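Could you walk me through this model in my viewer, one selection at a time? I would like to know what to click on next and what I will find there.

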Amino acid sequence: MADLSQTAPTATGALGRGSDIKRQRRIRRAIWYALILAIVIWCAMVPVRDGNLSIYFAFMLGATMATGLNFVAGFTGYMPFGYVAFYGLGSYVTGIAVKLLGIPVYLAVPMGGCAGILLALAFAPTLRLSGIYFAIVSLSLAIILQRSIALMPEEITGGSLGMNIGVLTDRIQGYYAMLVVLVMALLTASWLAESRLGRSLKAIREDAEAADAMGVNVVRSRLYAWLVSAFFASLVGGVQAWFTGAFDTFTAFDVLVTAKAIIYAMAGGLGTVIGPVVGTVVLVWADELVWRAFPELNSFLLGLVIALLILFAPRGIIGTLIRRYPRLRNYFM
Amino acid sequence: MSWTSDPILVVDGLVKRFGGNVAVNQATLEVGRGTIVGLIGINGAGKSTLMNCIAGMYRADEGRVEFDGQNLIGLTPHEIAAAGIGRTFQVPRTFERLTLIDNLMIPMLNRPESEDELIALAEAGLAEVNLHDLKMNNGEELSGGQQKLLELARVMMLEPKLILLDEPFAGVNPTLCTLITDKILQMKEAGISFLLVSHDLTSIYRLSDHIYVLNQGEVICEGGVDDIRDDPKVVEAYLGG
């Protein structure tokens with residue numbers, strides 16, 4: 001081994017210099033944890049004060065899906081157009097476990113999450129593809145999964161009528177389960193962003209070949225991100241089944257689920273931890289406002305808002321703010 | 001006959017084809033331990049392709065690449081990096097949306113040191129190339145020359161035994177050029193070996209202990225600076241006779 005003592009930087013004399021970086025990291029963490037706490041308090045109070053459960057559930061679901069998608073799209077640059085496959089599988093595994101096997105729903109949902117990991121492992125060879133090829137193949141696989149479930153015996157999946165587990169589950173419990181899953185996703189995101197794995201993933205996103213040359217195991221890192229991402233989407237699908245009590249292959253595998261996750265994450269800022277949450281808050285709130293004021297023009301106006309956001313802030317709200325005011329990097333994860 | 005008694009890198013009969021085009025044809029070269037070996041040739045001579053084959057980015061069709069006694073054929077780029085070969089790129093490939101600190105931490109992610117120690121090492125690395133004041137800036141906010149410096153600092157973080165330097169002086173102003181040259185010489189003093197590709201023949205002649213000339217994928221001659229400077233085959237390759 002070459003003697004690097006004369007040239008390679010050593011920690012001697014350099015230790016302690018990183019105090020400003022540590023301080024910035026503490027500030028970023030404090031802001032992030034304060035935001036999570038605010039979300040928990042606000043959302044937890046909704047059922048108590050008879051608020052609109054559906055809107056807040058939609059926000060939590062959107063923020064979790066956008067955060068989950070961000071693990072793979074924002075951190076590694078892979079855009080899975082078929083992300084809904086995991087969500088749909090989570091719904092069906094939860095439904096079947098509750099209805100046919102009599103398993104309590106709070107155990108069935110994690111089973112759905114594990115099924116999502118197994119499906120992600122089965123899809124793992126698609127990670128060899130890149131760009132639009134990966135996006136299209138993942139969409140195709142989601143469609144294949146949807147059709148496969150639709151063709152399964154009616155006594156298992158409910159056929160075209162779908163599954164109804166409403167009598168076996170409690171809507172309010174489902175609401176709080178969604179809050180728990182959201183908090184898990186947000187904590188995972190902040191851990192990942194500061195972990196060695198997270199740094200590897202961001203390097204891969206920027207330039208996979210250069211990252212490989214710098215010693216990053218690209219295939220393994222991508223696989224980990226893919227599994228974590230799939231796990232959360234499957235949990236969300238299971239909790240959605242818990243909350244609504246009813247679903248079929250059209251709602252469980254609706255491409256809009258993926259589209260919304262992508263739009264929320266992009267609007268807030270792919271690759272940032274806080275971005276998907278901000279994007280979801282802004283767009284769910286805008287959707288609600290527009291729907292109340294202009295019910296006939298809802299889809300048109302919301303589409304316009306999204307188009308303008310992507311046109312004038314292609315890095316999303318947080319990404320654009322950080323680009324314009326680099327000091328904000330010290331405050332946002 | 002080998003020019004060095006202690007080669008750290010041996011490339012023997014390397015062939016790389018792209019369809020019918022033979023980009024590297026039976027290339028054979030050696031890099032001595034603690035030496036700087038220059039690799040020159042006109043555009044399209046196959047220099048970068050040869051670098052990519054050594055670094056594992058391209059899989060060679062034929063031949064042997066041996067590094068410190070270890071066969072590199074079939075290894076992935078990250079395995080080759082772990083073996084002790086670092087590389088820079090002709091066009092700087094910094095991680096643009098990562099801070100300079102994070103850029104320098106990437107090659108150290110497999111090391112056992114704590115997070116704080118890695119940050120301290122990264123800061124010291126930035127100080128080595130006069131980029132410490134920009135540590136919280138993103139890679140995309142640097143000039144082209146600064147990006148070359150960042151790449152050099154980044155590859156040092158791998159603690160490599162051999163560095164493949166691809167055009168380190170391209171598009172760099174004379175002041176930064178001097179800084180890069182000084183760093184290369186310092187690292188050589190510390191025992192690091194280099195395979196240096198450059199169109200800047202003045203720098204190549206100044207830094208290299210031995211030079212190989214590549215033309216149409218083949219090594220057409222090799223030798224010390226004086227041998228190469230006056231070799232008619234080199235003149236012909238560069239000036240077309």
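Start by selecting A:F294, A:L297, A:F300, A:L304, A:L308, A:L311 and A:F312: together they make up a nonpolar patch on the surface, with about 750 Å² of accessible area. This is a predicted model, so keep that in mind at each stop. Now pick out A:L304 from the patch; this leucine belongs to helix α14 of chain A, which covers residues 298-312. Is A:L304 buried or exposed, or partly exposed? Its relative accessibility is 41%, so A:L304 counts as partly exposed.

Next, turn to the aromatic rings. Over all chains, the whole structure holds 13 aromatic pairs. For one of them, select A:Y83 and A:F86, whose rings meet edge-to-face, with 6.2 Å centre to centre and 70 degrees between the planes. Both A:Y83 and A:F86 are buried. Widen the selection to A:Y78, A:Y83, A:F86, A:F123, A:F134 and A:W226, and you have one aromatic cluster on screen.

Stay in chain A for a charge over a ring. Show A:W42 and A:R49: the arginine lies over the face of A:W42, 5.0 Å from the ring centre. Chain B has an arrangement to view as well: the charged end of B:R229 sits over the ring of B:Y205, at 4.9 Å from its centre.

While you are in chain B, find B:F18 and B:Y58. They form an edge-to-face aromatic pair, 5.3 Å centre to centre, with 80 degrees between the planes. The pair links distant parts of the chain, 40 residues apart: B:F18 is in strand β1 (residues 7-18), and B:Y58 is in the loop between α1 (47-55) and β4 (62-67). B:F18 counts as partly exposed because its relative accessibility is 37%, and B:Y58 counts as partly exposed because its value is 30%.

For the last stop, select strand β9 of chain B, residues 210-215. Why is β9(B) described as largely enclosed by the rest of the structure? Because five of its six residues are buried.

Now add the strands that pair with β9(B). Strand β3 of chain B (residues 36-40) pairs with β9(B) in the parallel sense over four bridges; look for B:V37, whose bridge partner in β9(B) is B:H210. Strand β10 of chain B (residues 218-223) pairs with β9(B) in the antiparallel sense over five bridges, and there B:Y212 has B:E222 as its bridge partner. Finish at the hairpin of β9(B) and β10(B), with two residues between the strands, where B:Q216 takes a positive phi near 50 degrees.

Conventions
Residues numbered from 1 in each chain as written. Chains lettered and ligands numbered in written order. Predicted model: local features only at pLDDT ≥ 70, side-chain atom pairs only at ≥ 80, totals over all residues. Heavy atoms only, no water. Phe/Tyr/Trp six-rings, centres within 6.5 Å; stacked < 30°, edge-to-face > 60°. Buried < 20%, exposed > 50% of the residue type's maximum accessible area, 1.4 Å probe, protein only. Lys NZ or Arg CZ within 6 Å of the ring centre and 35° of its normal. Patch = residues over 30% accessible without salt bridge, like charges linked within 9 Å, V, L, I, M, F, W, Y side chains within 5 Å. Areas by Shrake-Rupley, 256 points an atom, 1.4 Å probe, with all protein chains shown as cover. Salt bridge = Lys/Arg side-chain N within 4 Å of Asp/Glu carboxyl O. Pairing = 2+ DSSP bridges.
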